[in-house]
Protein chains: 2
Amino acid sequence: MIEITLPDGSIKEFDKGITPMDVAKTISEGLARNVISAKFNNTIVETTTPLSINGSLTLYTWKDKQGKTAFWHSTSHIVAQALEELYPGVKLTIGPAIDNGFYYDVDLPTGTISEKDFPKIEQKALEIARGKHDYKMRSVSKADALKFYKDQGNEYKVELIENLEDGSITFCDHDTFTDLCRGGHIPNTGIVKAIKILSVAGAYWRGDENKPQLTRVYGISFPKQKELKEYLELLEEAKKRDHRKLGKELELFTFSQKVGQGLPLWLPKGAALRERLENFLKKAQKKAGYEMVVTPHIGQKELYVTSGHYAKYGEDSFQPITTPKKDEEFLLKPMNCPHHCEIYNTKPYSYKELPKRFAEFGTVYRYEQSGELHGLTRVRGFTQDDAHIFCTPDQLDQEFKNVIDLSLYVLGSLGFDNFTAQVSVRDLDNPDKYIGSVENWEKAEQAIINAAKEKGLDYVIESGEAAFYGPKLDFMVKDALGRQWQLGTIQVDYNLPERFDLTYKGSDNEMHRPVMIHRAPFGSMERFIALLLEHTGGNFPLWLIPDQAIVLPVSEKHEKYAEKVLKSLENNEIRALIDNRNETVGKKIREAEMNKIPFMLVVGENDEIANTISVRRHGGEDLGAITIEQFNDLVTNEINSTLKSF
Amino acid sequence: MIEITLPDGSIKEFDKGITPMDVAKTISEGLARNVISAKFNNTIVETTTPLSINGSLTLYTWKDKQGKTAFWHSTSHIVAQALEELYPGVKLTIGPAIDNGFYYDVDLPTGTISEKDFPKIEQKALEIARGKHDYKMRSVSKADALKFYKDQGNEYKVELIENLEDGSITFCDHDTFTDLCRGGHIPNTGIVKAIKILSVAGAYWRGDENKPQLTRVYGISFPKQKELKEYLELLEEAKKRDHRKLGKELELFTFSQKVGQGLPLWLPKGAALRERLENFLKKAQKKAGYEMVVTPHIGQKELYVTSGHYAKYGEDSFQPITTPKKDEEFLLKPMNCPHHCEIYNTKPYSYKELPKRFAEFGTVYRYEQSGELHGLTRVRGFTQDDAHIFCTPDQLDQEFKNVIDLSLYVLGSLGFDNFTAQVSVRDLDNPDKYIGSVENWEKAEQAIINAAKEKGLDYVIESGEAAFYGPKLDFMVKDALGRQWQLGTIQVDYNLPERFDLTYKGSDNEMHRPVMIHRAPFGSMERFIALLLEHTGGNFPLWLIPDQAIVLPVSEKHEKYAEKVLKSLENNEIRALIDNRNETVGKKIREAEMNKIPFMLVVGENDEIANTISVRRHGGEDLGAITIEQFNDLVTNEINSTLKSF
């Protein structure tokens, strides 16, 4: 008999050799129908794996991230089989699940796969799926495994197997198909009801551009046809809202091949929007007792030796900057914290002077492979809305709550009301992994959990997810398309105060170490603006949007009046444009709609006589003819209703 | 007979062999008494050099920069003689004039020179000077010159001579002293009436730290004892106002050995002051039609190949940043213009859309030798208040005037009312040096001169001082100590539009090149703030100063009332502090004076009863007891009187 611990803490006894699926059945038939993957003692197993020792078991359904991973990985086997059948001689390499679906990298004997081939692949894969073939894992000796793929002439799998240890190698079979595989499948192919091939791309074997180029086939699958349909609609909408597309159309930012990939250039409208966002946060931060500082974008080697980053500065980074002076090296700063520690160290502090809160919109640089760059969300240079709080351990609790308040204010003012929090704490089984006293860790973890509770956050606690230097809380935000993004982080740090020898004099007249909190409510200005663009589809909150209104004279005759209206809007600090091209009002409205301008102010004969403007909202709502004063009130009220003061 | 052209354009005939001093005598005895140096055909000559060809002659007195240079260089010979007499065996190397005085680098046989030795050196040098010895130049063959210094065992002079061409070598004698020297002396030592040794420092032979270390003796001299006294008083005052000292005392900025020399860290009070300055300029720039942009602090090699900077990026610079990708190189940006050209190039323009004015507070990095770094005035990273105007050639005139208006507004608002302008134009004898058509150059130079005239600037035109890419205007500002600084520059550029292939469509429907103007009214935020600190001695204009007022309760009893006063000041957006330490009001006032706080608001029994504050200005003026409203008006009026809107 073995003892199985379930996630609710209950322990059940079973015969040795019981499978996760059997355990599911003892719980409920309904659960058993939905279980598609399992984790036993922190390792993903098949639902059919016999369990022979005591341990903890978690069962996963499609609703779980781990369930989706198993589902998509299993589908990649089906698609691989379809490719083998459709493209005889194709060589398979690897086929993992990814965030949204899966891919399989293959070496085609001849020809290419293009979009017109997708339906045929999908059809073949679905045919296979409908066969309800079980996924069956089996151990293979290294010699047999090598022989299997050498016979096929598949040098890729051979290379993979050569790097594996004999005794650890497994194959997975289903139908007539066999693949080298570590495991983690759903019970059978029949659960996959909808498969979509999304795209193909080139990919180098092992990501190395000196190695052969393969064809990467991207796909996704679902347990219901309806779910695929919804997903494709979402994709369509996401394409329309793609921040790269909108950023270009709205003239917010651009990239230049000469300046370099992943290095955004902010155009006037984007730079102004970004400044409004920064000023919004600055104002709240001032009230919250932060002080702004400014630090350089480089730092000497010694700084990063002290911080510990230098040792981790590998070959995949921007390389150090040397100078005419021997052994002098500077690094492009990858983070602002070491600089802020040096600012803290400019003078001695008493406990009465803490907390010190140093904030900076600090631009940092991190090298990313060009293939990983993506608009403003994955860049090589970005500006963090960074701050570091230096406080006594006793102040940590209150400071953490204050930071949560500020973060909630930021999210709320920008229309993100769907979010959760993730609290990352120690792995209690590995105490040696962490720096700082157990007492301080307990205090900090408790402070974070208390704060999350007290502020009414919807949070989960993830054991073992804390950094070695301290626990943290991350905000996970759902955007208008239901996609989840990690935004804003609050981290406790016991490491840097130690490394930079930060001190303060306590009430006991002894020197103590302050605790440090890293925090960034936006995360990065670039990523946040990208997200906000996709969340709002470019229809930014009124206080933030580049142009709040556009004046549209119905004919040349009313241009003078239109100019007068514009002047008067400017005096009221409303950001407005005028469109006095010789075009129809209809066309002007259509373009203003495309440019996401919230208010179109049409002015014609009647308006000029009555000294009014005819207001049309973005989207079509007609607000009728009102005076400029009334319009000004409308704008002010709308801004005040979204943008509360902190 | 030869023809001599004088600076006023007049041409006089003289016998061949006439000396500059003889020419001076023909003009006036007074002039001859004061002439101490001369330039003939663009070469500095002795006042005793016989002239044997036609040419242009300029005579210099102590009032001229060139006169001072000759005076100080000549003094370095006297001091060198003194050192030879006082330190037998001393080896002389080089002894040039510098901006304020001169130095001589010497290799001492034994021992050191310290401050206590200065009077003895000064005394000996003055003794020599009083001998009224003439400076006499003579030609020496290379062999004789080498023998002279080899006999002395002076390897430094030998090395210098080895690099000279035979036939071009001259010695200068006075009294018993001889030195290798190119010339440029005053008539005799007797003109030097006051000599001061200022300091000693270590200096490497030829500035190379692998070569022997020498002793650099700094000194200065004057034709009158009174002038030396005034200079020393000025030095004393400058020391008090040294921005490095004040910056530390007022907690504006700091440097960290770990972050790196020459890389300022802006502390909260300094960062806030800097932001006020930036906002002040932003506001004016917005009115003037500028648009802010934001660009990264690095750029790819290709960007600088295009701009032409890459070719000039030498070994004395921050070296390129390499990446994991072969042949990929980034440079830390030394200027913002290439980035702004790329922004211009994002879309096509019609002439109707010009001028475009892109502004950015852009932080740039330039490597300076550590010995050349100086507080905020010589740094390795600094923020330019940069902007680039792209306009049609026809718009240049108006744009230039607009930039002058903006520059004058900036200088005026910050209390600099003593300045001149320098207009740098082509060297008409070297037309090949310049890029761009002669027609455009003429237009641009005329535009600058017209603008300078029309705006009533006190300006000089310097021929041949223009950059190869265009003419420019620099503002030269005199600070409160009478020292001159170059501040703010306006440059026309025909080069980058060419290199970046910038275009616009003209009214003729053809594509044309825009003209570019580079301009920065502050120059750099770091240097400007340093200058402002020294100009004001830390007593910044009221609108800019970190803390505008401090509330000083006379005893603990009045703390509550003091807090109420503080709150009320904050509501009026007056930046105020409170000093409620248990100290005497006298002490609090003394410290507030040191901290340069403009208004001290003493509150005691009577104030609390009458609801007033007793206002004391920085410096001591007593403004009596007034209400907070009255004080608020006082502050507002004072700010409005210095800070006009643009």
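How far should the 20 residues of helix 9 of chain A span, at 1.5 Å a residue? Let's keep that in mind for a moment while I introduce the structure. Hi everyone! What we have on the screen is a predicted model, and I'd like to walk you through it from the whole chain down to a few single residues.

Let's start with chain A. Chain A has 646 residues, and 52% of them count as buried. Its C-alpha atoms fill a box of roughly 90 × 75 × 60 Å along the principal axes. If you count secondary structure, you get 19 helices and 33 strands. The chain is divided into four pieces: domain 1 covers 2–61, domain 2 covers 66–240, domain 3 covers 253–536 and domain 4 covers 549–642. Between the C-alpha centres of domain 2 and domain 3 of chain A there are 39 Å. And here is a nice way to think about the fold: take the contacts in chain A between residues at least 6 apart in sequence, and 68% of them join residues at least 24 apart.

Now, back to helix 9 of chain A, residues 268–287. The expected span is 28 Å, and the end C-alpha atoms are 29 Å apart, so the two agree. Many of you will want to know what surrounds this helix. Its buried residues include P268(A), L273(A), R274(A), E278(A) and L281(A). Just past the end of the helix, G289(A) has a positive phi of about 85°.

Next, the second copy. Where does chain B sit relative to chain A? A turn of 180° and a shift of 0.1 Å along the axis lay chain B on chain A with an RMSD of 0.2 Å. That is how a two-fold axis relates two copies. In chain B, the residue that comes closest to this axis is I321(B), with its C-alpha at 2.8 Å. The copies also meet through the same surface, because 100% of the interface residues of chain B are interface residues in chain A too.

Helix 9 comes back when we look for empty space. A search of the whole structure finds 1 cavity of 30 Å³ or more, and the largest cavity has a volume of about 950 Å³. Its lining has 47 residues, and nearest its centre are R274(A), E278(A), F361(A), E278(B) and F361(B). Helix 9, strand 20 and strand 21 each supply at least two lining residues, in chain A and in chain B. Helix 9 of chain A gives the most, with 6 residues.

To finish, a few local details you can look up yourselves. L354(A) and P355(A) are joined by a cis peptide bond, with omega about -5°, and P355(A) sits in the loop between helix 11 and strand 20 of chain A. In chain B, a cis peptide bond joins L354(B) and P355(B), again with omega about -5°.

Is N42(A) buried or exposed? N42(A) is exposed, with a relative accessible area of 69%. This residue lies in the loop between strand 3 and strand 4 of chain A, and its phi is near 65°, a positive value in a residue other than glycine. For contrast, look at S37(B) in strand 3 of chain B: S37(B) is buried, at 0% relative accessible area. Beyond its close sequence neighbours, S37(B) is in contact with residues including I44(B), T58(B), Y60(B) and A70(B).

Thanks for listening!

Methods. Residues numbered from 1 in each chain as written. Chains lettered and ligands numbered in written order. Predicted model: local features only at pLDDT ≥ 70, side-chain atom pairs only at ≥ 80, totals over all residues. Heavy atoms only, no water. Helix = DSSP H or I, 4+ residues; strand = E, 2+ residues; numbered from the N terminus. Expected span 1.5 Å × (residues − 1). Buried < 20%, exposed > 50% of the residue type's maximum accessible area, 1.4 Å probe, protein only. Domains from an automatic or database assignment. Least-squares fit on C-alpha atoms with pLDDT ≥ 70 in both. Contact = heavy atoms within 4.5 Å. 1 Å grid on protein atoms, 1.4 Å probe; cavity = no way out; pocket = protein on both sides within 12 Å on 5 of 7 lines; lining within 4 Å. Points joined across faces, edges and corners; volume = space filled by probe spheres on them. Lists of a residue's contacts leave out its neighbours within four places in sequence.
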